[in-house]
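Thanks for making time. I have one structure to go through today, so please look at the sequence and the model as they come up.

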Amino acid sequence: MNIISTRVIRPKDRSSVVLANVEITFDTGIKLLNMHLFKARDEGGSNYLKMPTITTQTGAVRGVYNPTSQEMREKMTKAAEAALAQAVEAGVNDFTATFEEMEPEAYRAPKFSNFQVHWFDNDKPVRAFVSLLMDDCIALNRLVVVRDENTQMLAVRIPTHPLQRGRRKIGYYRIQGSAYDQLYNQVIEAYSNRPSVDQNDQTA
């Protein structure tokens, strides 16, 4: 899975331990948002690319997405550092480094696999949480299967976080139309293949 572009947004406070907010777009057209590149803790150490987390209602901290190997983490970190270096050289706070020119119609279809489904036995709209692997390289977590109370249709929602003091929400990652259709179909298939009502955690 190739990285085609990386956006960095530098904080105005140059003394901050956060070097940049980071967004990475892959050749599948899927964009991961809201990562943070931190300064090395020790002189001569390595910078650290932190993936976003959310805190559940029970107080547990869960990763929204994460690379599945050290190789992919290093690849993402190097892309962030390369974009940051170009931003510093250009003297700008917001910069997108393009590593490969690619039109949306040329995006590669991602491979979604290893679906993990947690079903809920209640009458609430949220029917399940789903985690999965993308190209065996990135784990996408906390997708939500929701049933519309009026139409009874199922939807797949990407985890979000608030912006502008909570008045607006944005997804932790973005998925292009055709890839989303593929993701929706596979998530709903995994959700529908529940082995039994008393097994809430299954690999589909």
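**Strand β11 and its neighbours**

This is a predicted model, and I will start with strand β11, residues 138–147. Nine of its ten residues are buried, so the strand is largely enclosed by the rest of the structure.

Which strands pair with β11? Strand β10, residues 126–134, does so in the antiparallel sense, over seven bridges. Within that pairing, L132 stands opposite L140 of β11. β10 and β11 also form a hairpin, with three residues between the two strands. In that turn, D135 has a positive phi of about 55 degrees.

Strand β12, residues 154–157, pairs with β11 over four bridges, again in the antiparallel sense. Here V144 has R157 in β12 as its bridge partner. The hairpin of β11 and β12 has six residues between the strands, and Q152 in this hairpin takes a positive phi near 65 degrees.

Then there is strand β7, residues 65–67, which runs antiparallel to β11 and is joined to it by three bridges. For P67, the bridge partner in β11 is I138.

Now to the surface. E100, E101, E103 and E105 gather there in a patch of negative charge. Where is E100 found? E100 lies in the loop between β8, residues 94–98, and β9, residues 112–119. Its relative accessible area is 31%, so E100 counts as partly exposed. The cut-off for entering a patch is over 30% relative accessible area, and E100 has 31%.

That is what I have; questions are welcome.

Key:
Residues are numbered from 1 along each chain as its sequence is written. This is a predicted model: local features need pLDDT of at least 70, side-chain atom pairs count only at pLDDT 80 or more; totals for chains, interfaces and linings use all residues. Side-chain values use heavy atoms; hydrogens and water are left out. Patches are made of residues with over 30% relative accessible area and no salt bridge: like charges are joined within 9 Å, nonpolar side chains (Val, Leu, Ile, Met, Phe, Trp, Tyr) within 5 Å. Accessible areas come from the Shrake-Rupley method with a 1.4 Å probe; for residues, only the protein chains shown count as cover. A salt bridge is a side-chain nitrogen of Lys or Arg within 4 Å of a carboxyl oxygen of Asp or Glu. Lys and Arg count as positive and Asp and Glu as negative; His and the chain ends are not counted. The place of a charge is taken as NZ of Lys, CZ of Arg, CG of Asp or CD of Glu. Buried means under 20% relative accessible area, exposed over 50%, partly exposed in between (1.4 Å probe, protein chains only). Two strands pair if DSSP finds at least two bridges between them.
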